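User: Could you take a close look at one helix pairing in this model and walk me through how its two partners meet? I'd also enjoy some context from elsewhere in the chain afterwards.

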Amino acid sequence: MSPRGEVLTVTSLTKRFGKVSAVLDLSFAVQPGRVTGFLGPNGSGKTTTLRCLLGLVQPTSGTAQVGGHDYRELPHPAAVVGATLEASGFHPGRTARGHLRVITDAAALPQARADEVLELVGLTEAAGRKVGGFSLGMRQRLALAAALVGDPGVLILDEPANGLDPEGIAWLRSFLRARAEEGRTVLVSSHVLSEVQQTVDDVIIISKGRLVQAGSLEELTGAGLTQVRVRTPQLEVLRAALLAEAGSGGVHVEVVSPVELMVSGLEAAEIGHLALRQQVELHELTPVGTDLEALFLELTADGNPGGAA
Ligand SMILES: Nc1ncnc2c1ncn2[C@@H]1O[C@H](COP(=O)(O)OP(=O)(O)OP(=O)(O)O)[C@@H](O)[C@H]1O
Ligand SMILES: [Mg+2]
């Protein structure tokens with residue numbers, strides 16, 4: 001049986017480094033059984049928040065807890081939380097297996113566990129190689145293996161997709177999905193939404209240390225999955241017809257210019273049909289889909305790295 005995932009709760013968390021507010025009054029919760037993306041531009045406070053959750057940084061105020069406890073209060077932390085921060089801190093002269101055995105020994109776990117986790121991350125063939133010669137992607141996998149040693153119910157991974165090739169990203173995606181389906185809590189940070197958009201169920205987006213958005217990925221994309229650009233000289237007539245149609249909910253109409261609308265929640269064919277019924281002349285009807293990366297940039301705009309407050 002897999003270990004139980006715990007809820008992660010960040011409550012009014014603030015962390016200042018001198019004059020820099022790395023994290024500012026941040027609150028969110030992360031649920032077990034789901035993969036949650038923790039997203040924000042460079043310098044927005046992701047790593048600092050994760051370090052608070054892991055008891056590596058003392059919050060200026062507020063709390064960051066695992067299953068209702070500070071990390072440092074957990075009786076067997078390695079069995080509860082596995083984490084990767086920056087994929088560094090490897091002794092270059094050690095082999096992958098040697099590195100993991102240091103960890104199994106420290107956690108009083110059988111050394112055979114080292115080979116088990118190497119197998120889990122697809123590094124079996126490199127087990128005897130020196131870590132100093134590892135590629136960035138291999139280091140990421142090794143860091144993940146180290147996080148898995150105690151078979152924890154919570155995984156906190158800082159930019160785990162960084163340095164992975166497309167095959168590695170696909171592998172990571174299915175790996176994290178499987179861990180969430182076992183009931184574990186999986187929190188994954190990234191500064192690129194498109195990198196994790198196929199991986200995550202929920203998103204927490206921060207900018208300059210503050211919360212911008214928290215919820216399911218579906219809520220984020222909303223009805224926007226079928227955004228359609230419509231150009232017409234009879235904008236008001238069409239807009240009124242679309243809004244009447246929107247009575248059923250889920251339809252959003254944005255006026256871009258006197259002759260252009262962006263419509264979400266309706267297929268291009270439905271809009272064309274509506275236009276025909278209203279005898280509205282169309283000059284363009286183009287499905288553009290949701291540009292999640294553009295949405296992300298918009299949400300986190302005005303986000304110069306290093307939010308001084
Ligand atoms: N130990 C520290 N001392 C001083 N400032 C720090 C420290 N750690 C982080 N900061 C500052 O806090 C802010 C947030 O940094 P953090 O590393 O949490 O961002 P991040 O979202 O993880 O960025 P990235 O995407 O680049 O990893 C930055 O302005 C950073 O310079
Ligand atoms: Mg970081």
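Analyst: Happy to! Let's start with the residues that touch: from helix 9, L238, A241, L242 and E245 are in contact with I271, L274, A275 and R277 of helix 10. Sorted by class, this contact comprises 6 nonpolar and 2 charged residues, with no polar ones. Please keep in mind that the model is predicted.

Now the geometry. Helix 9 spans residues 235–245 and helix 10 spans residues 268–277; their axes lie 10 Å apart and the packing angle is about 120°. Angles over 145 degrees would count as roughly antiparallel and 65 to 115 as roughly perpendicular, so helix 9 and helix 10 are oblique to each other. Their crossing is right-handed.

For context, consider helix 3 (residues 96–106) and helix 4 (residues 112–120), which pack at about 125° with axes 8 Å apart. Helix 3 and helix 4 are therefore oblique to each other, and their crossing is right-handed. Here A96, R97, L100, R101 and T104 of helix 3 meet R113, A114, D115, V117 and L118 of helix 4. By class, that contact has 5 nonpolar, 1 polar and 4 charged residues.

One residue of helix 3, L100, leads on to the interior: the largest nonpolar core has 42 residues, and L100, L123, L142 and L176 have the most contacts inside it. Helix 5 (residues 136–148) is the biggest contributor to this core, giving 7 residues. Beyond its neighbours within four places in sequence, L142 touches F90, A96, H99, L100, L118, L123, V131 and F134. A second, separate core has 25 residues, among them A22, V23, L74 and V81.

Terms used: Residues are numbered from 1 along each chain as its sequence is written. Chains are lettered from A and ligands numbered from 1 in the order in which they are written. This is a predicted model: local features need pLDDT of at least 70, side-chain atom pairs count only at pLDDT 80 or more; totals for chains, interfaces and linings use all residues. Side-chain values use heavy atoms; hydrogens and water are left out. Axes are lines fitted to C-alpha atoms, for helices over the stretch in contact, and angles run from 0 to 180 degrees between N-to-C directions. Helices (H or I, at least four residues) and strands (E, at least two) are DSSP runs, numbered from the N terminus. Angles under 35 degrees count as roughly parallel, over 145 as roughly antiparallel, 65 to 115 as roughly perpendicular and the rest as oblique. A crossing is left-handed if the near helix is turned anticlockwise from the far one by less than a right angle, and right-handed if clockwise. Contact means heavy atoms within 4.5 Å. Ala, Val, Leu, Ile, Met, Phe, Trp, Tyr, Cys and Pro count as nonpolar, Asp, Glu, Lys and Arg as charged, and the others, Gly among them, as polar. A nonpolar core is a set of buried Ala, Val, Leu, Ile, Met, Phe, Trp, Tyr and Cys residues joined through side-chain atoms within 4.5 Å. Buried means under 20% relative accessible area, exposed over 50%, partly exposed in between (1.4 Å probe, protein chains only).
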